[in-house]
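Here is a note for someone opening this model without prior acquaintance. The points below can be read alongside the sequence and the 3D view.

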Amino acid sequence: MKINLISDTVTKPTKGMLKAMMSAEVGDDVFKEDPSVNLLEEKVATMFGKEAALFFPSGTMANQTAIKLHTQPGEQLICDKYAHIYNYEGGGVSFNSGVSCKLVDGERGMMTAAQVKEAINPPDFYHSPLTTLVSIENTTNKGGGACWDFEELKAIRNVCDQHSLKYHLDGARLWNALVANDETTQQYGALFHTISVCLSKGLGCPVGSVLVGDQETIQRAIRVRKVFGGGMRQAGFLAAAGIYALDNHINRLAEDHTKAKEISHLLESLPYIKSVAPTETNIVIFEIDEQRRSLDDFLSSLKQNDIHIIGMGQGKLRIVTHMDYTEAMHKKFMEIIPQL
Ligand SMILES: *Cc1c(COP(=O)(O)O)cnc(C)c1O
């Protein structure tokens, strides 16, 4: 039994999802004639109380499109030093938008409103890049699936309003935050100018992300997506998976969170684990005490048992629970780990 915990993107479509995909009504989405894509976009826009939404082949493209929409070349955006848009999107912020990032030294990927305010360049000081955008991430990926305090997010929105900045949410794992904290899509929709959400992470779709915003912004996003090469034709087969996932796979994320917390507790009890980051959702980040056990030795004994996890550099390791990590796998994992 292979146990793959490297990411929540490793999931494969369920029978129900495949059935929904195979029976999807499709058309040419570049002409906006795919009924399933249109339905998904309407559904997600409505969920967030936004005017419009646009389907994307990846979360990276949805974020990069949002950044392009909110900025001009030479400008600067503010984000945490752990931000996915800065660390894991191939340098797209500068490549696609000609924009630089002002990195904030936050906690587990989260900054405070005071730090954001501090990071804004004075607009009349023409020597420095003009600050025009703040981008945050919920849950934080490199921050170990940490969830924001909604009050802090509101405070950052106030800072944005005072300084005429746009506010983008990279919500690749927003679903996990909503389930963990009993929050709603509506409250997030009301706070941000644009939000990207992933369908291919916790929700178990093979492909897809959605960007929501107002009508004018999303209209412009269609052009940017086309420029980035993201105009897809009969994408309804993929959108149907998204619709199915939104209807069936959100609430079950709580199971992934429970399993991750159990793993987190187990790791804390092992003598050769130096530290385990607080586990709020489906990501567990931990460190081996290399005085007691080498990283290579630990990883190779996991591999011998067909258990796969990922290194994050600097001695940190990551485990991500997901839909295809079954009860049987969890049971085996919890039994094997203390014996390794
Ligand atoms: C995975 C992820 C993305 C990008 O998703 P892709 O579909 O892999 O491009 C963006 N932001 C965060 C926080 C992520 O975890």
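**Notes on cavities, pocket, helix contacts and backbone**

1. The lining of the second largest cavity is made up of one nonpolar, three polar and four charged residues. The residues in question are His84, Glu137, Thr139, Asn141, Asp170, Ala172, Arg173 and Lys201. The volume of this second largest cavity is about 40 Å³. The model is a predicted one, and the values in this note should be read with that in mind.

2. How many cavities of 30 Å³ or more does a search of the whole structure find? The search finds two. The largest cavity holds about 60 Å³ of space. Its lining consists of Asp80, Tyr82, Ala83, Gly109, Met111, Ser135, Ile136, Glu137, Thr140, Asn141, Lys142 and Gly143. By class, these residues are four nonpolar, five polar and three charged.

3. Which element gives the most to the lining of the largest cavity? Strand 5, residues 131–137, does so, with three residues. Glu137 and Asn141 are listed for the largest cavity, and Glu137 and Asn141 are also listed for the second largest cavity.

4. One backbone feature belongs with the cavities. The peptide bond that runs from Asn138 to Thr139 is cis, and its omega is near -10°. Thr139 sits in the loop that joins strand 5 to helix 7 (150–162), and Thr139 is one of the residues lining the second largest cavity.

5. The largest pocket is a separate item, with about 190 Å³ of space. It is lined by 17 residues, and those closest to its centre are Ser58, Gly59, Thr60, Cys198 and Lys201. Lys201 also appears in the lining of the second largest cavity. Divided by class, the pocket lining has five nonpolar, nine polar and three charged residues.

6. As for which elements build the pocket, helix 3 (59–70) and strand 7 (194–198) each contribute at least two lining residues. Helix 3 gives the most, with three.

7. Two helix contacts deserve a look, and helix 12 takes part in both. In one of them, helix 8 (residues 174–181) packs with helix 12 (residues 253–268) at an angle of about 80°, and the axes are 9 Å apart. Angles of 65 to 115 degrees count as roughly perpendicular, so helix 8 and helix 12 are roughly perpendicular to each other. On the helix 8 side the contact involves Trp175, Asn176, Val179 and Ala180, and on the helix 12 side Leu253, Ala254 and His257. This contact has five nonpolar, two polar and no charged residues.

8. How does helix 12 lie against helix 14, and at what angle? Helix 12 and helix 14 (residues 327–336) pack at about 5°, with axes 11 Å apart. Angles under 35 degrees count as roughly parallel, so helix 12 and helix 14 are roughly parallel to each other. Helix 12 supplies Lys259, Glu262, Ile263 and Leu266, while helix 14 supplies Glu327, His330, Phe333 and Met334. The classes here are four nonpolar, one polar and three charged. Three charged residues take part in this contact, whereas the contact of helix 8 with helix 12 has none.

9. Two residues other than glycine have positive phi values and could be checked in the 3D view. Arg108 has phi near 50° and belongs to the loop between strand 4 (100–104) and helix 6 (113–119). Asp182 has phi near 55° and belongs to the loop between helix 8 and helix 9 (185–189).

10. On annotation, an unreviewed UniProt entry places the feature "domain: Aromatic amino acid beta-eliminating lyase/threonine aldolase" at residues 4–290. Over that range the chain is 41% helix and 17% strand. The C-alpha atoms at the two ends of the range are 24 Å apart.

Notes. Residues numbered from 1 in each chain as written. Predicted model: local features only at pLDDT ≥ 70, side-chain atom pairs only at ≥ 80, totals over all residues. Heavy atoms only, no water. 1 Å grid on protein atoms, 1.4 Å probe; cavity = no way out; pocket = protein on both sides within 12 Å on 5 of 7 lines; lining within 4 Å. Points joined across faces, edges and corners; volume = space filled by probe spheres on them. Helix = DSSP H or I, 4+ residues; strand = E, 2+ residues; numbered from the N terminus. Nonpolar A, V, L, I, M, F, W, Y, C, P; charged D, E, K, R; others polar. Axes fitted to C-alpha atoms, helices over the stretch in contact; angles between N-to-C directions. Parallel < 35°, antiparallel > 145°, perpendicular 65-115°, else oblique. Contact = heavy atoms within 4.5 Å. UniProt positions renumbered as here; feature names shortened; annotations may be inferred.
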